[in-house]
Amino acid sequence: MSQTLDEALPRDGAKPAPGSAVRRLPVVLGLLALAAVLLSAAALTVDAGDRTVAPTGWRGLPVPGAPIMPELTLTDTAGRPFDLRAETAGTPTLVYAGYLSCPDVCPIHMQTVAATLDVPGFERVRPQVLFIDTDPRRDSPEEIRAWLDRFDPGFVGLTGSLEEVNAVLEAMGLPEAVHGEPEADGWYEVDHPAQVLAFDREGVARRQYPFGTRQQDWVEDLPRLMALGTSS
Amino acid sequence: MTAVLAIGAGFWCSGALGRPWTWEYRPLLGVWVLSGLLLGGYALLLRREPVTLMNADQRSLRRRRAWQFAGGVAALWIASDWPLGPLGAGYLASVAAARYLIFVLAAAPLMILGLPASAMRRILAVPVLAPAVKVLTKPLVALLVLNAVFVVSQLPPVVDTLKVNQLGSFALDMAWLVSALLFWVPVLSPVRELPRLSAPLRVIYLFVQSIVPTVPASFLTFARDPLYKVYELTPRITGLSVVEDQQLAGLGMKLVGGLILWLIMAAIFFRWARSEEDMDGAREGRGNLRDLERDLEAHELRV
């Protein structure tokens with residue numbers, strides 16, 4: 001006959017009866033805990049990347065309409081004109097639009113791409129990375145350069161008037177950056193698209209990478225991006 | 001005309017989202033409330049003790065225990081309040097590892113050390129708690145529970161799910177604290193109803209604990225890629241890369257955690273060896289059984 005736990009529990013000082021639930025409970029708990037430890041240790045070896053991999057194998061998402069790199073000119077941080085189409089011809093290019101006061105999305109995107117390019121073996125897999133500044137009122141070319149150098153001195157910073165920048169974003173199929181109303185201390189918010197566009201060496205936007213893209217996603221996709229257009 | 005790409009989660013950055021990390025002190029109200037409740041509860045328990053009936057040694061022990069418990073709560077507060085709390089929850093895996101070590105190797109043992117026997121017996125008198133505590137503080141069970149909680153709480157899906165909000169972080173912290181409290185009972189229990197292991201077995205128990213967590217900690221140390229989304233997708237606030245920070249977390253758990261446990265083992269061993277010498281002296285000097293029983297009580301208190 002089965003016992004309730006109360007009946008199985010010993011009175012003070014008495015040992016539980018052999019075969020009682022209380023005697024078995026530590027063993028059961030111990031085995032469960034051991035199972036949890038072993039399963040968990042095995043699970044720790046699971047790939048850290050969590051983005052759903054498309055049947056094509058890409059981690060990045062397709063770009064509707066596959067926009068072409070626009071024939072527009074911005075200014076780089078050295079003050080030189082930068083023709084987007086001409087300067088990126090023949091080179092896979094990552095394009096991101098952001099601003100220096102951004103608390104998280106912008107620095108995280110840049111640091112993730114930079115960390116990927118630091119992975120051993122990526123010396124030969126190096127796209128051009130363009131950062132288009134969407135806050136020309138506050139971000140000077142010198143500040144943009146210093147900010148980008150924190151991540152990778154090879155990243156190209158581009159600036160222009162807000163109208164010029166928005167024209168580029170629109171040509172790429174991205175929504176325009178929006179400046180909020182200034183507060184009393186002069187602070188204002190800057191809303192901007194948060195994805196990185198990946199153009200192949202022919203200047204076609206092949207993939208987009210929203211905020212949340214991880215290093216492992218770039219590790220998987222960058223070699224594929226670099227290889228696009230090389231077989232023809 | 002090129003179609004505008006979808007605006008959705010991950011595709012639009014509003015400046016209203018997120019705050020950059022600052023080194024300006026921002027207290028966490030919940031941590032202060034919890035610390036206050038623990039200290040207040042302890043003070044209420046102490047008030048019921050018959051202080052006037054205590055001799056000088058007992059009063060001294062009572063004071064020492066109060067300081068030990070307060071020290072445990074202080075360690076809990078340090079690990080949970082700004083800056084360690086927010087840094088460990090959302091920025092740095094190495095700080096999360098340091099918090100774990102503080103919870104397990106400082107806060108929990110000090111709180112158990114500081115708990116008077118009368119308070120522990122009151123806890124054991126609660127009908128629902130008593131059988132669970134008796135089972136969960138059995139050495140093998142306590143050891144397995146602590147390490148199961150540790151390993152599960154290091155799993156990337158668990159970390160990335162729970163640490164993104166305060167409730168999840170709190171749940172993880174409480175799991176760490178409760179499993180650590182259960183772990184230390186076989187070593188530091190103040191009551192005979194939950195007997196302490198003998199000194200040699202305590203050393204073995206702690207030795208096993210110094211070895212087991214090195215396995216999951218090794219995954220952190222030797223991983224080449226970021227394991228945790230929550231620590232990867234956050235602005236860097238130190239010069240460490242994500243992987244370097246992760247490696248530091250693993251090394252900290254293995255080296256610092258192991259060192260502290262070995263120091264505790266050494267203290268237990270040498271105290272045991274000294275009490276064995278005292279016992280030998282008592283047997284040679286006095287043949288009185290009553291004196292021997294008194295020595296045994298004193299021996300239990302010290303060791």
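**Exercise 1. Work out how strands β4 and β5 of chain A are joined, and whether β5(A) is buried or exposed.**

Step 1. Strand β4 (residues 93-98) of chain A and β5(A) run parallel and are joined by 6 bridges. Two strands count as paired if DSSP finds at least two bridges between them, and the elements themselves are DSSP runs numbered from the N terminus, with helices (H or I) of at least four residues and strands (E) of at least two. This is a predicted model, in which local features need pLDDT of at least 70, side-chain atom pairs count only at pLDDT 80 or more, and totals for chains, interfaces and linings use all residues. Residues are numbered from 1 along each chain as its sequence is written, chains are lettered from A and ligands numbered from 1 in the order in which they are written, and side-chain values use heavy atoms, with hydrogens and water left out.

Step 2. For one of the bridges, look at A:Tyr96, whose partner in β5(A) is A:Phe131.

Step 3. Now consider burial, where buried means under 20% relative accessible area, exposed over 50%, and partly exposed in between (1.4 Å probe, protein chains only). In strand β5 (residues 128-133) of chain A, 6 of the 6 residues are buried, so the strand is largely enclosed by the rest of the structure.

Step 4. In a regular strand the side chains alternate between the two faces of the sheet. On one side of β5(A) stand A:Gln128, A:Leu130 and A:Ile132, on the other A:Val129, A:Phe131 and A:Asp133, and all of these are buried, which leaves both faces covered.

**Exercise 2. Find the order of the strands in the open sheet that includes β1(B), and say which strands stand at its edges.**

Step 1. The sheet has 3 strands in the order β7(A)-β8(A)-β1(B), with antiparallel pairing. At the edges are β7 (178-179) of chain A and β1 (12-13) of chain B; each has a single partner strand, so one side of each is left without a neighbour in the sheet.

Step 2. Between β7(A) and β8(A), which run antiparallel, there are 2 bridges, and A:His179 stands opposite A:Val190 in β8(A).

Step 3. Strand β8 (residues 190-193) of chain A also pairs with β1(B), in the antiparallel sense and over 2 bridges, and here A:Pro193 has B:Trp12 as its bridge partner.

Step 4. The loop between β7 and β8 of chain A holds A:Glu181, a residue that is exposed, with a relative accessible area of 70%. Leaving aside neighbours within four places in sequence, A:Glu181 is in contact (heavy atoms within 4.5 Å) with A:Trp187 and A:Tyr188.

**Exercise 3. Describe how helices α1 and α2 of chain B pack, and which kinds of residue meet there.**

Step 1. Two packed helices are described by the angle between their axes and the distance between the axes. The axes are lines fitted to C-alpha atoms, for helices over the stretch in contact, and angles run from 0 to 180 degrees between N-to-C directions.

Step 2. Helix α1 (residues 29-47) of chain B packs against α2(B) at an angle of about 170°, and the axes are 9 Å apart. The two helices are therefore roughly antiparallel to each other, given that angles under 35 degrees count as roughly parallel, over 145 as roughly antiparallel, 65 to 115 as roughly perpendicular and the rest as oblique.

Step 3. Among the residues that meet are B:Trp32, B:Leu38 and B:Tyr42 from α1(B), and B:Phe69, B:Val73 and B:Trp77 from α2(B). The residues of this contact divide into 13 nonpolar, 2 polar and 3 charged, where Ala, Val, Leu, Ile, Met, Phe, Trp, Tyr, Cys and Pro count as nonpolar, Asp, Glu, Lys and Arg as charged, and the others, Gly among them, as polar.

**Exercise 4. Locate two backbone features, one at B:Pro83 and one at A:Ala66.**

Step 1. B:Trp82 and B:Pro83 are joined by a cis peptide bond, with omega about 0°, and B:Pro83 sits in the loop between α2 (56-80) and α3 (84-90) of chain B.

Step 2. A:Ala66 is not a glycine, yet its phi is positive, at about 40°. This residue belongs to the loop between β1 (61-62) and β2 (73-76) of chain A, and at 32% relative accessibility A:Ala66 counts as partly exposed.
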